Amino acid sequence: MKDLPTGMLITLIILTLIVLTAVFLLIWALIEPHILEVSTVSMRPAGKEPGFKKQDPQASGRPGLRLFFFSDLHADICLIKPERLIRALKEAHASAPLDAVVFGGDICNNYQVNKKCLSYLQKISDACSELNIPFYGVSGNHDFGFDVSDGKAFFDSIEDKQISFTSHATGRKIVLFGIDDSGRKHRVWYKVPEVPEDCVSVLAVHNPDAILHFEEKDHVDFMLSGHFHAGQIKMPFKLEFLVLRADKLPQSNVIEGVFEHNGTTLFITRGVGCNKLPLRFGAVPEVSVVEIFA
Ligand SMILES: [Fe+2]
């Protein structure tokens, strides 16, 4: 080393640092899919302004509805064991009763829903039965070709169904409903089903871009989505979205968290599992206790 010219020594040091950084990032990306964040998400009624605005997370008083929401299981590449998710569910329910568990779609990878993935949902369903909490869900783009409407996915599909609750805070009627996903190949943005005008409406739909296809008459006060995985492997300049995905909202920095837009409050979860590779970076798996203040 002593005899190396200074220029070569500096190059060697820089190359070593680059390799060490790459190894560190790879190790972290392998670790991150094993970490589970249980977030508490407050959603308040949105203003009518167009454009997306991050919603202030502060809320006070009693929520009208309390949901346990998770999405993007991709159970064949999910490093979060169902037992951990169930523990989070039980702890959430013990701290204050949950009204429902809602799944936001994407059961498996590779557009094939198999038994292993379904057994994950079966365990969640069994836990819900044990706790006496209803389990609802919608399909994601990866569930294309698999019919979730007949109970085979162990949740009650809320596509074209309306589940009524009474707000714990105001006594108002709250309607939970859903839209399934057509799959990406032949994308169709299904119409938002009609709900009574005088209720508070909560829509579960896998792809947050659906909000860009709402019509003026659609009544969606709150919306629960996933799909983006928060980029799954975050890169500089949002390259993961620019190169790998055609989704629209990330181009406006609407990627994860709570936003409001034109009368709708939207929550986008980072999801639980991984797409294609068992790696996540800057996008820790998430399940959420969603408190709707209405
Ligand atoms: Fe997904």
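The expected span of a helix is 1.5 Å times one less than its number of residues. By that yardstick helix α2, residues 82-95, is regular in length: 14 residues reach 20 Å from first C-alpha to last, close to the 20 Å expected. The model is predicted. The protein holds four helices and 13 strands. Its radius of gyration is 21 Å, close to the 19 Å from the globule rule for 294 residues, so the protein is as compact as a globular protein of that length.

**Overall build**

- Along the principal axes, the C-alpha atoms fill a box of roughly 80 × 45 × 40 Å.
- Buried residues make up 45% of the 294.
- Among contacts with a separation of 6 or more, 76% join residues 24 or more positions apart.

**Helix α1**

- Helix α1 covers residues 6-31, which is 26 residues.
- From first C-alpha to last, α1 reaches 37 Å, close to the 38 Å expected at 1.5 Å a residue.
- Cover is scarce here: one of the 26 residues of α1 is buried.

**Helix α2**

- The buried residues of α2 are P82, L85, L89 and A92.
- Seen down the helix axis, these buried residues fall within an arc of 90°, so they line one face of α2.
- An α-helix has 3.6 residues a turn, so residues three or four places apart point the same way.
- The buried residues of α2 pack against β3, β4 (100-103), α3 and β13.
- Turned away from that buried side is a face with the exposed residues E83, E91, A94 and S95.

**The seven-stranded sheet**

- Seven strands form an open sheet with mixed pairing, in the order β2-β11-β12-β10-β9-β8-β7.
- Its edges are β2 (53-54) and β7 (162-166), each paired on one side only.
- Within the sheet, β11 (residues 257-261) pairs with β12 in the antiparallel sense over five bridges.
- F259 has L266 of β12 as its bridge partner.

**Strand β13 and its partners**

- Strand β13 is mostly covered, with six of its seven residues buried.
- Strand β1 (residues 37-43) runs parallel to β13, and seven bridges join the two.
- In this region M43 stands opposite I292 of β13.
- Strand β3 (residues 65-70) pairs with β13 in the antiparallel sense, over five bridges.
- Here F68 stands opposite V289 of β13.

**Nonpolar core**

- The largest nonpolar core has 77 residues.
- Within this core, F68, V102, L176, L203 and V290 touch the most other members.
- Helix α3 (residues 115-131) gives the most to the core, with six residues.
- Leaving aside residues up to four places away in sequence, V290 touches V41, M43, L67, F69, L224 and F267.
- One of those contacts, M43, is also the residue that stands opposite I292.

**Positive phi in the β10–α4 loop**

- Most residues other than glycine have a negative phi.
- H227 has a positive phi of about 75° although it is not a glycine.
- H227 is found in the loop between β10 (222-225) and α4 (239-244).
- H227 is buried because 27 other C-beta atoms lie within 10 Å, and the cut-off for buried is 20 or more.
- F237 lies in the loop between β10 and α4.
- Phi of F237 is near 60°, a positive value in a residue other than glycine.
- F237 is exposed because 8 other C-beta atoms lie within 10 Å, and the cut-off for exposed is 12 or fewer.

**Position of G282**

- G282 sits in the loop between β12 (264-268) and β13 (286-292).
- G282 counts as partly exposed, with 15 C-beta neighbours inside 10 Å.
- In sequence, G282 and D56 are 226 residues apart.
- In space, their C-alpha atoms are 22 Å apart.

Notes. Residues are numbered from 1 along each chain as its sequence is written. This is a predicted model: local features need pLDDT of at least 70, side-chain atom pairs count only at pLDDT 80 or more; totals for chains, interfaces and linings use all residues. Two strands pair if DSSP finds at least two bridges between them. A nonpolar core is a set of buried Ala, Val, Leu, Ile, Met, Phe, Trp, Tyr and Cys residues joined through C-beta atoms within 7 Å. Two residues are in contact if their C-beta atoms, placed from the backbone, lie within 7 Å. The radius of gyration is taken over C-alpha atoms; the globule rule is 2.2 Å times the number of residues to the power 0.38. The arc is that of the directions from the helix axis to the C-beta atoms.
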